[in-house]
Amino acid sequence: MMKKLIIGIALSMTSISTNVLAETENKQVSLTQTQFNEYLAQAFIEEPELLKNGLLRLQQFVDNKAKSTAKDALKANFKQLFENESDPVLNANGSVPVVEFFDYRCGACKAFAPELKQLIDNDKRAKIIYKDVSILGPESAKIAKLAIGMSIIKPNAYPAYQHELMVTKGINYDQALKLASLLDVDLAELEKTANSPDVQQKLNQNNKLFRDLGLRGTPSIYVGEKLHPGVVAYNSLLSSINEYQEKVK
């Protein structure tokens, strides 16, 4: 009984004072920090299941806290995520918002590109909202700014350009510029736009939103308010789209 009581105290306290008071068999027992630590270690050895249960409860607490934080962040940034008029959008009349945060030099993003392309080709319910971010260094930022520049000077070409950038392995700035030349774009105008304060501000805005939402990597995909971190299979995207539509009926 004493062991269980002390273990319960240890797992529930965020800090432990020098003297610990515990109650067992209607008596108070005062333990020094050293005594407490020794007793606790022995209790864990003799009854490891108690430690396992305590750790599970701690993990549940951490997970619930993370979910609550993510929900609050989504609520606070809802308009920026789903209703930012400066975002490139494909199929603006789609009924289900699908938002992707991506970095052009991210291997996982490149693995996800065919899944997104399949969704675009086969399901017109999906309203694709693109969020260019640069989490992988200066080269990523330069390419992202080219893409954002493309969305400004030739919006209809952006989705195709984004896809080609994404499926090109080891993409760099020179390759990104070469791909742009295939889309009948004035490269001088594109580079000027890409290096403008407005484009830098847009990229900064996307990067800030990425951080404010607590996202930890790319790709990060929202289907409605449901977050899919990492590569998502086409069938999983379809399932989430169906769930969203059922929810909003």
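Two strands are said to pair if DSSP finds at least two bridges between them. The exercises below apply this idea, and several others, to a model that is predicted.

**Exercise 1. Confidence.** Find the mean pLDDT of the protein, and identify what the model contains for residues 12-25.

*Solution.* Begin with the whole protein, for which the mean pLDDT is 86, with 81% of the residues reaching 70 or more. Then turn to residues 12-25, where pLDDT stays under 50 and where the model has 28 contacts beyond four places in sequence.

**Exercise 2. The sheet.** Work out the order of the strands, name the edge strands, and decide whether β4 and β6 meet the condition for pairing.

*Solution.* Step one is the order: five strands form an open sheet, arranged as β3-β5-β4-β6-β7, and the pairing is mixed. The edge strands are β3 and β7, each of which pairs on one side only. Step two is the condition, which asks for at least two bridges; β4 and β6 are joined by four bridges and run antiparallel, so the condition is met. Within this sheet, F101 stands opposite S220 of β6. Step three adds a helix, since α10 lies across β4, β5 (126-132) and β6, and runs at about 105° to β5.

**Exercise 3. The edge residue H228.** Decide whether H228 is buried or exposed, and list its contacts.

*Solution.* First locate H228, which belongs to strand β7, made of residues 226-229. Next compare its accessibility with the cut-off: buried means under 20% relative accessible area, and H228 counts as buried because its value is 13%. Finally look at what surrounds H228: setting aside neighbours within four places in sequence, it is in contact with P219, S220, I221, V223 and S240. With S240 there is also a polar contact of 2.7 Å between the two side chains.

**Exercise 4. Unusual backbone positions.** Describe the peptide bond between T218 and P219, and then treat the phi values and the accessibility of N91 and D184.

*Solution.* The bond that joins T218 and P219 is cis, with omega at about -5°, and P219 lies in the loop between α10 (197-212) and β6 (220-223). N91, which is not a glycine, has a positive phi of about 60°; it sits in the loop between β3 (89-90) and β4 (96-102), and it counts as partly exposed because its relative accessibility is 29%. For D184, also a residue other than glycine, phi is positive and near 55°. D184 is placed in the loop between α8 and α9 (187-194), and because its relative accessibility is 69%, it counts as exposed.

**Exercise 5. A loop threonine.** State where T168 is found and what its side chain reaches.

*Solution.* T168 is in the loop between α7 (158-167) and α8 (173-181). Its side chain reaches the backbone oxygen of E164 at 2.6 Å. Not counting residues up to four places away in sequence, T168 touches K110 and L179.

**Exercise 6. The nonpolar cores.** Find the size of the largest nonpolar core, and name the contacts of L119, one of its members.

*Solution.* In soluble globular proteins, nonpolar side chains tend to be buried together. Here the largest nonpolar core has 44 residues, and those with the most contacts inside it are V98, Y104, L119, I128, L146, Y161 and L165. Helix α6 (residues 138-153) gives the most to this core, contributing seven residues. Another core lies apart from it and has 12 residues, including L81, F101, F210 and Y222. As for L119, its contacts, apart from neighbours within four places in sequence, are V98, A126, I128, Y234, L237, L238 and I241.

Notes: Residues are numbered from 1 along each chain as its sequence is written. This is a predicted model: local features need pLDDT of at least 70, side-chain atom pairs count only at pLDDT 80 or more; totals for chains, interfaces and linings use all residues. Side-chain values use heavy atoms; hydrogens and water are left out. Helices (H or I, at least four residues) and strands (E, at least two) are DSSP runs, numbered from the N terminus. A polar contact is a pair of N or O atoms within 3.5 Å; within protein, one must be able to donate a hydrogen and the other to accept it, and residues adjacent in sequence count only if both atoms are side-chain atoms. Contact means heavy atoms within 4.5 Å. Buried means under 20% relative accessible area, exposed over 50%, partly exposed in between (1.4 Å probe, protein chains only). Axes are lines fitted to C-alpha atoms, for helices over the stretch in contact, and angles run from 0 to 180 degrees between N-to-C directions. pLDDT is the predictor's confidence in each residue, from 0 to 100. A nonpolar core is a set of buried Ala, Val, Leu, Ile, Met, Phe, Trp, Tyr and Cys residues joined through side-chain atoms within 4.5 Å.
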